[in-house]
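Visitor: I'd like to learn how to read a model like this one. Could you take me through it, feature by feature?

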Amino acid sequence: MGGENGKGTREVLPEHVAVIMDGNGRWAKKHGLPRNLGHKKGAEVFTKSVEWFADRGVKYLTVYAFSTENWKRPKEEVDGIMSLLKEYLDKAKDNKDKNIRTLFIGDKSALDKSLSKKMSEIEEKTVNCSRITVLIAINYGGRNEIVEAVRKIAEEMKNGDIRAEEVTEEYLSSKLYTARIPDPDVIVRPSGERRISNFLLWQAAYSEFVYMDRLWPDFSEKDVDYILDEYAKRNRRFGAI
Ligand code: IPE
Ligand code: IPE
Ligand code: MG
């Protein structure tokens, strides 16, 4: 299991890894740079990390790129993050050739129309890609996601399409941004913080947590092996014995 086996040969492998890409600001500060250069480095590391996880056979990678709370940051920083997103979207056209299915989770309605249009185009273009599915959480909040799902169901009830007793866990799951995506097996938080910060609240019910002191822009291929080895050591019980 795990260990020095290297790429793609592990017996116990998480199907879905989720990462809170945190620590860009502290990385920039440590190097005497403006915060937005930390985000730039973080975005570069994200692109590489997709390859590292895919090479090892992980089928779903969800990354937290911008939360519903991150709008509280100075306009200059938010604008910088949005222009990095735009740069990424322009490059992500190649994801089809790389066989990377690309999805976006979060409330797209608050984003610039040109961005949300590009996001939908990439989702459509990569729909049949099968090497790995990457979910990028932008303007994402776990509570917001649940509220949106409840609103959809309330609307259906009002129209008489569904009865209260038909609302099951599976049904609510099917109304989330992550419908049809398996729950994350492991949630990783670099940067030394040990909290969930409104990420995948519903989906995290039985996820394993891996915390790392590394700042996200310093994240490397070795850290991917550490996460997969750590996961392989865990004993998941899902409430049974
Ligand atoms: C994560 O890095 C990126 C976003 C939240 C957009 P931070 O910007 O939160 O970095 P720190 O936590 O300030 O170091
Ligand atoms: C979580 O990090 C959001 C992202 C990484 C996109 P934050 O830096 O926003 O979280 P807090 O404020 O430390 O909880
Ligand atoms: Mg942070």
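Visitor: Let's start with charge. How far apart are the mean positions of the positive and negative charges?

Guide: For the counting, Lys and Arg are positive and Asp and Glu negative, with His and the chain ends not counted. Each charge is placed at NZ of Lys, CZ of Arg, CG of Asp or CD of Glu. Here there are 42 positive and 40 negative charges, and their mean positions lie 4 Å apart.

Visitor: Anything to know about the model itself?

Guide: It's predicted: local features need pLDDT of at least 70, side-chain atom pairs count only at pLDDT 80 or more, and totals for chains, interfaces and linings use all residues. Residues are numbered from 1 along each chain as its sequence is written, chains are lettered from A and ligands numbered from 1 in the order in which they are written, and side-chain values use heavy atoms, leaving out hydrogens and water.

Visitor: Which order do the helices and strands come in?

Guide: Both are DSSP runs numbered from the N terminus: helices are H or I with at least four residues, strands E with at least two. This protein has seven helices and six strands, running β-α-α-β-α-β-α-β-α-α-β-β-α from the N terminus.

Visitor: Why call it as compact as a globular protein of that length?

Guide: The radius of gyration is taken over C-alpha atoms, and the globule rule is 2.2 Å times the number of residues to the power 0.38. The protein's radius is 18 Å, close to the 18 Å from the rule for 241 residues, so it is as compact as a globular protein of that length.

Visitor: And the core?

Guide: In soluble globular proteins, nonpolar side chains tend to be buried together. A nonpolar core is a set of buried Ala, Val, Leu, Ile, Met, Phe, Trp, Tyr and Cys residues joined through side-chain atoms within 4.5 Å. Buried means under 20% relative accessible area, exposed over 50%, and partly exposed in between (1.4 Å probe, protein chains only). The largest core holds 40 residues, and Val-19, Phe-46, Phe-53 and Phe-219 touch the most other members. A second, separate core of 14 residues includes Ile-20 and Tyr-64.

Visitor: Is Glu-156 buried or exposed?

Guide: Glu-156, in helix α5 (residues 142-158), is buried at 17% relative accessible area. Contact means heavy atoms within 4.5 Å; beyond four places in sequence, Glu-156 touches Asp-161, Ile-162, Tyr-171 and Lys-175.

Visitor: What about Asn-36?

Guide: Asn-36 sits in helix α2 (residues 35-55) and is partly exposed at 24%.
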